[in-house]
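Work through the exercises below with the sequence and the coordinates at hand. Each task is followed by a solution in steps.

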Amino acid sequence: MNRRTIRKIRNGAFLTLSVVATCVGLACLAALLWTLLSHGIEGMSLQLFTQMTPPPGSRGGLLNALYGSAVMTVLGILMGSPIGMLAGTYLAEYGRASSLSVLIRFINDILLSAPSIIIGLFIYEILVMRMGHFSAIAGAVALAVIAIPVTLRTTEDMLNLVPAGMKDASAALGAYPWRTVLSVVYPAARAGIVTGLLLAVARVSGETAPLLFTALNNQFWSTKLDAPMANLPVVIFQFAQSPYKDWQELAWAGALIITAAILLLSVGARLILSLLQTDRSAKR
Amino acid sequence: MAIIDPRHAARQLIYEKAFRSATLAAAMLVLLILGGVAVSLVRGAWPALEHFGFGFVTREIWNPVTDEYGALGPIYGTLVTSLIAMLLAVPTAFGIALFLTEICPPVLKRAIGTAVELLAAVPSIIFGIWGLFVLAPKLQRYVQPWLIEHIGPIPLVGRLFQGPPFGIGILTAGIVLAIMVLPFIAATMRDVFDTVPAMLKESGYGLGATTWEVIWNVVVPHSRVGMLGGIMLGLGRALGETMAVTFVIGNAHRISASLLAPGTTISSAIANEFTEAVGDLYTSSLIALGLLLFLITFAVIAIAQAMLRRLERRVGS
């Protein structure tokens, strides 16, 4: 065999391996989604949205968990995203390349990928221990701490996309930077900021580990913020590990609801971004 | 000529200072959070660290009855499951990234790329229950008996595949982790490969190189730093992952030679035991585990970020 044939064979072999790797990887992920879909649809019913989580051995729904997840996610985002947005504004408009900004960016990227269970322990130490009991508000704060780095990152990226000419024009009219940011930069980056919010909601609503030691769980309907509150991820965690068939079915149904919601949010965020990009290139 | 009202100008200046301070305060809060995490973990872990000293990291014992704790079991489990995950996920992710950048027809490129990115957003608890209900029984029935029968008798390597097929265990946790970090690493690697200038690749093809030769001699050397950064970020995720692992690890604080045996990881030990821990020393030991995890992941993520940043600067210049 001459060198040319060997090279061709090697080329073919490695490219085939690459295709095989793609097929294997996608097959694993497809299998996962398929199981989720088939088990989840089996457990779907109207009861899910009208009844509370049941005691073992009886049927029920997920109403209190859905409510708790919604409340804590909304509160977490309401607390976390303004902080993330303001901090992102500082990095994009004021700090830019200062060494403080470089440090904050670095720390933020670390927080972005830090294990969320650590955040749970942190909030347990500073809130749950002080209050003496688990509470929905502690859960919301834990989610807020997770939302901050996500919104910070997207806000900074989106503000940087705003053309410098617009800011210069505003400054030339005599506006202070705060006026420019509020009246020119934020409106121009609106779609991008909404995308960041959607991504933050998607990220936060699937988090389980930080809620485990903060909001814990509650089998009953509760709207009190300073008491333990049911939430979808922790219910899935507890019910899936139980030996009861009814509970496992509810866990699968909950898993499907959560995944569908998160995928919808991510797709929505992507759509807004792609609309934004075509919009921008059309204007050019 | 317009007359500037001095009071208006003064008010504007005050607003400016207030807004700037608000944004700065928010930015400083990010530093404060990381500092707060570190301080609160050290404070929570102090009783255990004081009581057990350095032995906490080197002892394998974990006994709530006699109140004796050592972290070696969870540390071992964390490192080994992550190692298995990386061994499986990195080559597969490399293949996917190559497929997406070099082989895939443009029609599919966008669709598969988006699918991979969306899968990276699926919450980890989903991977956990899938591992428990679907993967573990399959492994127990088909894969593990084969491993025990055929690889078990081989000296040295065989030690890793002996004992009964539990289904759940270190190996299963590693596989679930691999599937979980796969989309993440693949997406990062694809982005890195995309930064290789087309001119460099075309030059390779112009010299008569095959696709694989261009990949191995042009694309890979050019993206080495970014690839490592992506792998380290994936490793950071795998080390700290809680929910995907907790379901399938078996929660046993023992170090077994066999990968088929149940074990525990730092994060799954905390998730399983923290709310049920009675006694200050028990709680404190679990927080000390958290501190260890924090230190390990901090180092890994910091190195990853530094690498990706170097790449960004190079692309930017």
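**Exercise 1. Backbone outliers**

Task: Classify A:Arg96 as buried, partly exposed or exposed.

Solution. A:Arg96 has a relative accessibility of 44%, so it counts as partly exposed; buried means under 20% relative accessible area, exposed over 50%, and partly exposed in between (1.4 Å probe, protein chains only). The residue A:Arg96 sits in the loop between α2 (63-95) and α3 (99-113) of chain A. Helices (H or I, at least four residues) and strands (E, at least two) are DSSP runs numbered from the N terminus. Although A:Arg96 is not a glycine, its phi is positive, about 45°.

B:Asn251 can be treated in the same steps. Its phi is near 50°, a positive value in a residue other than glycine. B:Asn251 belongs to the loop between α10 and α11 of chain B, and a relative accessible area of 28% makes it partly exposed.

The conventions are as follows. The model is predicted, with local features needing pLDDT of at least 70 and side-chain atom pairs counting only at pLDDT 80 or more, while totals for chains, interfaces and linings use all residues. Residues are numbered from 1 along each chain as its sequence is written, chains are lettered from A and ligands numbered from 1 in the order in which they are written, and side-chain values use heavy atoms, with hydrogens and water left out.

**Exercise 2. Aromatic pairs**

Task: Find how the rings of A:Phe237 and B:Phe247 are arranged.

Solution. A pair of aromatic rings is described by the distance of the centres and the angle of the planes. Rings of Phe, Tyr and Trp (its six-membered ring) pair if their centres lie within 6.5 Å; planes under 30 degrees apart count as stacked, over 60 as edge-to-face and the rest as tilted. Over all chains this rule gives 19 aromatic pairs. For A:Phe237 and B:Phe247 the centres are 5.6 Å apart and the planes at 80°, so the pair is edge-to-face. This pair crosses between chains, joining A:Phe237 in helix α10 (residues 232-241) of chain A to B:Phe247 in the loop between α10 (243-246) and α11 (266-273) of chain B. A:Phe237 is buried at 6% relative accessibility, and B:Phe247 is buried at 5%.

Next take B:Phe52 and B:Tyr69: with centres 6.1 Å apart and planes at 85°, this pair is edge-to-face. B:Phe52 lies in helix α1 (residues 6-52) of chain B and B:Tyr69 in strand β2 (residues 68-69) of chain B, 17 residues apart. B:Phe52 is buried at 14% relative accessibility, and B:Tyr69 is buried at 0%. Both belong to one aromatic cluster with B:Phe56, B:Trp62 and B:Tyr282.

**Exercise 3. Confidence**

Task: Which element of chain B has the lowest mean pLDDT?

Solution. pLDDT is the predictor's confidence in each residue, from 0 to 100. Chain B has a mean pLDDT of 90, with 98% of its residues at 70 or more. Among its elements, helix α4 (residues 106-119) of chain B has the lowest mean, 86, and α3(B) the highest, 94. For the complex, the predictor gives an ipTM of 0.89 and a pTM of 0.91.
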